[in-house]
Amino acid sequence: MSAPHLLTLVGRTPVTYVEAPLPYRHGGFWAKVECAGPGGMKARSAVAMLTAARARGELTPGAPVVESTSGTLGIGLAFAGQALGHPVHLVVDRELEPSMRALLGAYGARLEIVDAPDPVGGWQRARLDRLAAVRAGMPGSWWPNQYHNPDNAHGYAGLADEVAGQVDEVDVLVCSVGTGGHSAGVARALRRHWPHLRLVGVDTVGSTVFGQPARPRLMRGLGSSIHPGNVDHSAFDEVHWVGPAEAVESCRRLARYAFVTGGWSTGATARVAAWVARTEPGSRVLAIFPDGPHRYLGTIYDDGWCARHGLLGPTRGHPVEIGHPWSVEVTRWSRCRTVLDPLRSTPRTPAERSEVAA
């Protein structure tokens, strides 16, 4: 059973102007509020991936869709599955919030839950290994492969067109980076409107996307323990790695002073966008807020949970700057203006790393 009329709900999300101190006052920036769309931001990419696969004959009518997710794409796939008539099977892990499990189930998605992380690749690798096993027992199923599927990025061209009609001009675009889909798709399309646009990526400490070592990560929804093929490293002008305490503080300040807030990706992105607005007076800054707060009521917005993880209290209001993306392992908010693809660049020797760090 399909419901193609649901596709009319994708997109047309609002923008808002943010002046909340994060943690200091700044010149203000625009934020694209993607949680305002049914299915969230990743409904855009989910619909794009399924539609393109159907057009190519890779996804046959009524065939099951199987994917690994930390949660947000799962909502988008559940939306796309209902609209286009495909059952959705999601491989998640035990760290996925109970509220998100319940919501995905309510939307009709079938969940396969992984109980232990991979010793090297963490939850992400463990989910992908389970996904392969699930697909082996499900002939005719289709895997979107969000990390490497170019249709993921293509799905965000509409978001960029909306932005171009909502704000006069943008000098700096600030995007969180996980699969790399929305940063690549939005930047590519917006540069057709504003060729001078600078792209600032927001990653999390412990993520390997930009060449840092993979470590266990508290923050979900951005960062990666693998190297997603959709990340367009050449498109970025700089990258910031944000820690969980800084993201929590920013989410709570957004809620208190701007009302529009969200989860880890939104808090981290807002933190960096505010810093850019403060340090580059006159620049027109746009941030993409990927999600809303409801999934995080038991974590980011729960005092007890945050206290247990040492995430309460003031944080520093500026990043540490490093000269090379793998000159030093970052453990708190850090910035680097050299952006390289770690799979196509040679890491420096220990002596070279010491020289850069000095």
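These legends accompany a set of close-up views of one predicted model.

**Figure 1. The largest pocket and the residues that line it.** Let's start with the open spaces. This pocket has a volume of about 760 Å³. Its lining is made of 40 residues. If you want to find the centre of the pocket, look for Asp93, Trp123, Arg217, Met219 and Arg220, which lie nearest to it. Which helix gives the largest share of the lining? That is α4, with 4 residues. Helix α4 covers residues 122-136, and both α4 and α2 (72-84) supply at least two lining residues each. Sorted by class, the lining holds 16 nonpolar, 15 polar and 9 charged residues.

**Figure 2. The second largest pocket, with α2 in its lining.** Here the volume is about 520 Å³. The second largest pocket is lined by 23 residues, and those closest to its centre are Gly39, Gly40, Ile75, Leu103 and Tyr107. Two elements give two or more residues to this lining: α2 and α3 (98-106). The largest share, 5 residues, comes from α2. You have met α2 already, as it also supplies at least two residues to the lining of the largest pocket. The classes in the lining of the second largest pocket are 13 nonpolar, 8 polar and 2 charged.

**Figure 3. The largest cavity and its lining.** Now for the enclosed spaces. Rolling a probe the size of a water molecule over the atoms shows where empty space is left. How many cavities of 30 Å³ or more are there? The count comes to 2. About 150 Å³ of space lies in the largest cavity. Among the 21 residues that line the largest cavity, Met41, Lys42, Ser176, His182 and Gly221 are the closest to its centre. Helices α1 (42-56), α2 and α7 (181-193) each give two or more residues to this lining. By class, the lining of the largest cavity divides into 7 nonpolar, 12 polar and 2 charged residues.

**Figure 4. The second largest cavity and the residues around it.** This one has a volume of about 30 Å³. You can trace its lining residue by residue: Leu9, Val10, Gly11, Thr13, Glu34, Gly37, Pro38, Gly40, Ala43 and Arg44. Gly40 may look familiar, since that residue is also one of those closest to the centre of the second largest pocket. The lining of the second largest cavity has 4 nonpolar, 4 polar and 2 charged residues.

**Figure 5. Strand β8 and its two partner strands, β7 and β11.** Strand β8 spans residues 238-242. Is this strand mostly covered or mostly open? It is mostly covered, with 5 of its 5 residues buried. In a regular strand the side chains alternate between the two faces of the sheet. In β8, Glu238, His240 and Val242 point one way, while Val239 and Trp241 point the other way. Strand β7 (residues 198-204) runs parallel to β8, and 5 bridges join the two. Within this pairing, Asp203 stands opposite Trp241. Strand β11 (residues 334-336) runs antiparallel to β8, with 3 bridges between them. There, Val239 stands opposite Cys336.

**Figure 6. An edge-to-face pair formed by Phe29 and Phe289.** Next come the ring contacts. The structure holds 4 aromatic pairs, and this view shows the one between Phe29 and Phe289. Their rings are 6.3 Å apart, centre to centre, with 70° between the planes. Phe29 belongs to strand β2 (residues 29-33) and Phe289 to strand β9 (residues 285-289), so the pair ties together parts that are 260 residues apart in sequence. Both Phe29 and Phe289 are buried.

**Figure 7. A tilted pair formed by Trp264 and Trp305.** The ring centres of these two residues are 6.2 Å apart, and the planes meet at 55°, so the pair counts as tilted. Trp264 lies in helix α9 (residues 264-279) and Trp305 in helix α10 (residues 303-308), so the contact ties together parts that are 41 residues apart in sequence. Are the two residues buried or exposed? Trp264 and Trp305 are both buried.

**Figure 8. A charge over a ring: Arg256 and Tyr257.** In this last view, look for the charged end of Arg256, which sits over the ring of Tyr257. The distance from that charged end to the ring centre is 5.4 Å.

Conventions
Residues numbered from 1 in each chain as written. Predicted model: local features only at pLDDT ≥ 70, side-chain atom pairs only at ≥ 80, totals over all residues. Heavy atoms only, no water. 1 Å grid on protein atoms, 1.4 Å probe; cavity = no way out; pocket = protein on both sides within 12 Å on 5 of 7 lines; lining within 4 Å. Points joined across faces, edges and corners; volume = space filled by probe spheres on them. Nonpolar A, V, L, I, M, F, W, Y, C, P; charged D, E, K, R; others polar. Buried < 20%, exposed > 50% of the residue type's maximum accessible area, 1.4 Å probe, protein only. Pairing = 2+ DSSP bridges. Phe/Tyr/Trp six-rings, centres within 6.5 Å; stacked < 30°, edge-to-face > 60°. Lys NZ or Arg CZ within 6 Å of the ring centre and 35° of its normal.
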